[in-house]
There are 2 protein chains.
Amino acid sequence: MSGKAPERGFPTSEYERRLARAQGAMAEAGFAALLLTTEPEVRYFSGYLTQFWQSPTRPWFLVVPASGKPIAVIPEIGAPLMRKTWLDDIRTWASPHPSDDGVTLLTDCLREVTGEGAIGTPMGQESHLRMPLRDFRRLTEALGQERFRDASPMIRKLRMVKSEAEIEKIAHICGIASSAFEAGAELFHEGQSLSDAFRAFKRKCLELGADDVPYLVGGAGQGGYDDVISPPSETPLERGDVLMLDTGAVFDGYFCDFDRNYGIGEADDAAKRAHDVLYRAVEAGFAAARPGATCRDLYNAMRGVIAEAGGADGDVGRLGHGLGMQLTEWPSLTDFDETVLEPGMVLTLEPATRTVGSRIMVHEENIVVREDGAQLLTRRTPRELPVLTAG
Amino acid sequence: MSGKAPERGFPTSEYERRLARAQGAMAEAGFAALLLTTEPEVRYFSGYLTQFWQSPTRPWFLVVPASGKPIAVIPEIGAPLMRKTWLDDIRTWASPHPSDDGVTLLTDCLREVTGEGAIGTPMGQESHLRMPLRDFRRLTEALGQERFRDASPMIRKLRMVKSEAEIEKIAHICGIASSAFEAGAELFHEGQSLSDAFRAFKRKCLELGADDVPYLVGGAGQGGYDDVISPPSETPLERGDVLMLDTGAVFDGYFCDFDRNYGIGEADDAAKRAHDVLYRAVEAGFAAARPGATCRDLYNAMRGVIAEAGGADGDVGRLGHGLGMQLTEWPSLTDFDETVLEPGMVLTLEPATRTVGSRIMVHEENIVVREDGAQLLTRRTPRELPVLTAG
């Protein structure tokens, strides 16, 4: 169902293209180097893929110079794996270090590479700095605070448009999770705790070839659910519940992010109606997702269907977002995001509506923008709300 | 094998105790408030548990005042779940916001709570700031940069000693992962790709009751492996390989972190010897882990066994670390960490040694320090390197 797995990693040409685009943008912005500290940023330019980032102990740095390959400034423990990437210049220190956890090594590297030039590092929305604040202050004081500038707009622009090789990985994990969701009738049943339902779904994704299921949230309740970010409860699923699972499964470092809804035993009219409205909202978002349209256009297209049906929105703050190396990336499908869609952008369409009282329903699909319109990466949710009845 | 699952969450008294200890330490340090931005810090004081932190889009803030309960300053999407915690004062904004992603709300809250007083926020080793740097600058400029001080030593001290309820959760997940590892003979076999071996292990942990297996790294190679942070390859396991899996599985937000080694089909003398040396190194670390001993003492105890056996260390940078809400926490078992052990500290003992050439072997067990010495949380690895033979 999910097709052959794409090859792991990327050819060097992929990284050469990324670097060339970055260095072009750096020249325009007047940056002598980029300083990157987070997992997706380091991986984007190096191909360095490890779960070791889950340990907050050690900082990791990548310096992208104005010309030439990126330079890794990393703890010794990471050197064997970094040597397998396309990088040549790998500088290491014994970390953790009691007083100088890479700061001198990084300062020297940036001094060597930038002279007196500006250093771009992400400072804007959806970014963070993954190193101790105290060490960042030491770095900026040593090199001159005024030389550090916000690289968020540049990084955002580079990463928003995906290559075919990236899209292939996202499509693959979307296919795997679609298959897992399509097995809903065998995975979920009345009387099962939500926590067991989550475990069953994760195990199915792994069985079907997902590397991991780092994100799985959801809810269940009569006719709808209360929020979309809760961990699973031990409460058993009851007849008339709407069960929703929203997953970020991963293949080779790329995410899917979509959900599915199921009626347990039966579904009431409010749930069926919400499903119908959201199905049509996604259709409208899909039709609007063409090069040249803005994120606001997609938001309005989906919002229009929900409003026309008399539904207040479900208050999740936006109706979709970018997707790729992270579960959520720029842009945001909101009424204020004027990002213009380009071929290669991967997005989620995620409309929500109230069902009964304060309860909500959320749909989500993943798409890629192509020259002639949108292409689905997930296999579409059924037209009618699927109702799971005991075998 | 893994016993009954502990109840999820904590009674309010647990949070009251944490808060009282924090406010005592704040009074000593002269802090009018703590500003917390990362998942474990926010969860420690609020009980707020969600995988939604995986989305980097939105910042989340917790303000701990000098007296009274913590105040949550969070995106609206998180309010329903935050209302289920013991907090009363929950302030929200519609996030993502194009120009003010919670900064004004947070500034006002800190102004109200602190007057002109000092604000502690983690800035030291193993910490990071999970909000855009640009927004942090706006905040510190609005309130006065000099008022922001490093709260890392205080947070570290508070969180290093675990309550019995925390230890119970860690013990439970250690038991689950121990059972999964003990099923090694049914999970792993010659000819299997490492990637499939990883999937089989994760599925077993989920089947046995783990909420998640967010961390799983490892390696395999003739007589040893190259590093301990690589993702799994597609290379099939071969006779004579030493297979190692190192897992951070989770129950109710608490981690285990340990590994197991297996010989595939057979094991050579170097591998058997390394296993013996590391087994004895853990015994020595375990015996040294008593209240009053320092982390350096544990390091030296383990290092001594490895050195006596003529083995160079395996260069992973330290021989163990703290464990709890994060896969790795303070302290570090190194020759420079003089942290004095106290009852309630949960640690990993993680000695490493070379086997052949540049290849290494790593052992790891999890312990809690008690009044009268260490207590194992994992079920000990077998005395002899387990060799998995077909059928």
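The following paragraphs lead through the domains, helix packing and backbone features of a predicted model.

Chain A is best approached through its division into two parts. Domain 1 of chain A covers residues 12–159, and domain 2 of chain A covers residues 161–388. Between the C-alpha centres of these two domains the distance is 34 Å. The two parts also touch: 15 residues of domain 1 of chain A are in contact with 18 residues of domain 2 of chain A. An annotation is available from UniProt, where an unreviewed entry lists residues 18–161 of chain A as "domain: Creatinase N-terminal". Over residues 18–161 of chain A, helix accounts for 39% and strand for 19% of the chain. The C-alpha atoms at the two ends of that stretch are 11 Å apart.

Helix packing can be considered next. Two packed helices are described by the angle between their axes and the distance between the axes. In chain A, helix α1 (residues 12–29) and α2(A) have axes that come within 8 Å and cross at roughly 110°. The crossing angle therefore makes α1(A) roughly perpendicular to α2(A). On the α1(A) side, the contact is made by Tyr15(A), Arg18(A), Leu19(A), Arg21(A) and Ala22(A), and on the α2(A) side by Arg43(A), Tyr44(A), Phe45(A) and Ser46(A). By class, the residues of this contact of α1(A) with α2(A) are five nonpolar, one polar and three charged.

Helix α2 (residues 39–46) of chain A also packs with helix α6 (residues 152–160) of chain A, at an angle of about 60° and with the axes 12 Å apart. That angle makes α2(A) oblique to α6(A). The crossing of these two helices, α2(A) and α6(A), is left-handed. From α2(A), the residues in the contact are Pro40(A), Glu41(A), Tyr44(A) and Phe45(A), while α6(A) supplies Ile155(A), Leu158(A) and Arg159(A). Five nonpolar and two charged residues make up the contact of α2(A) with α6(A), with no polar residue. Tyr44(A) and Phe45(A) thus appear in the contact of α2(A) with α1(A) and in the contact of α2(A) with α6(A).

A further helix pair may be examined in chain B. Helix α4 (residues 103–114) of chain B and helix α5 (residues 133–143) of chain B have axes that come within 10 Å and cross at roughly 35°. The crossing of α4(B) and α5(B) is right-handed. Here Val103(B), Leu106(B), Thr107(B), Leu110(B) and Arg111(B) of α4(B) meet Asp135(B), Arg138(B), Leu139(B), Ala142(B) and Leu143(B) of α5(B). The contact of α4(B) with α5(B) has six nonpolar residues, one polar residue and three charged residues.

The backbone geometry completes the account. Most residues other than glycine have a negative phi, and most peptide bonds are trans. Against that background, the peptide bond from Ser95(A) to Pro96(A) is cis, with omega near 0°. Pro96(A) is placed in the loop between β4 (90–93) and α4 (103–114) of chain A. In chain B, Ser95(B) and Pro96(B) are likewise joined by a cis peptide bond, with omega about 0°. The loop that holds Pro96(B) runs between β4 (90–93) and α4 of chain B. Glu126(A) is not a glycine, yet its phi is positive, at about 70°. Glu126(A) lies in the loop between β5 (118–121) and α5 (133–143) of chain A.

Terms used: Residues are numbered from 1 along each chain as its sequence is written. Chains are lettered from A and ligands numbered from 1 in the order in which they are written. This is a predicted model: local features need pLDDT of at least 70, side-chain atom pairs count only at pLDDT 80 or more; totals for chains, interfaces and linings use all residues. Side-chain values use heavy atoms; hydrogens and water are left out. Axes are lines fitted to C-alpha atoms, for helices over the stretch in contact, and angles run from 0 to 180 degrees between N-to-C directions. Helices (H or I, at least four residues) and strands (E, at least two) are DSSP runs, numbered from the N terminus. Angles under 35 degrees count as roughly parallel, over 145 as roughly antiparallel, 65 to 115 as roughly perpendicular and the rest as oblique. A crossing is left-handed if the near helix is turned anticlockwise from the far one by less than a right angle, and right-handed if clockwise. Contact means heavy atoms within 4.5 Å. Ala, Val, Leu, Ile, Met, Phe, Trp, Tyr, Cys and Pro count as nonpolar, Asp, Glu, Lys and Arg as charged, and the others, Gly among them, as polar. UniProt positions are given in the numbering used here, feature names are shortened, and annotations may be inferred rather than shown by experiment. Domain bounds come from an automatic or database domain assignment.
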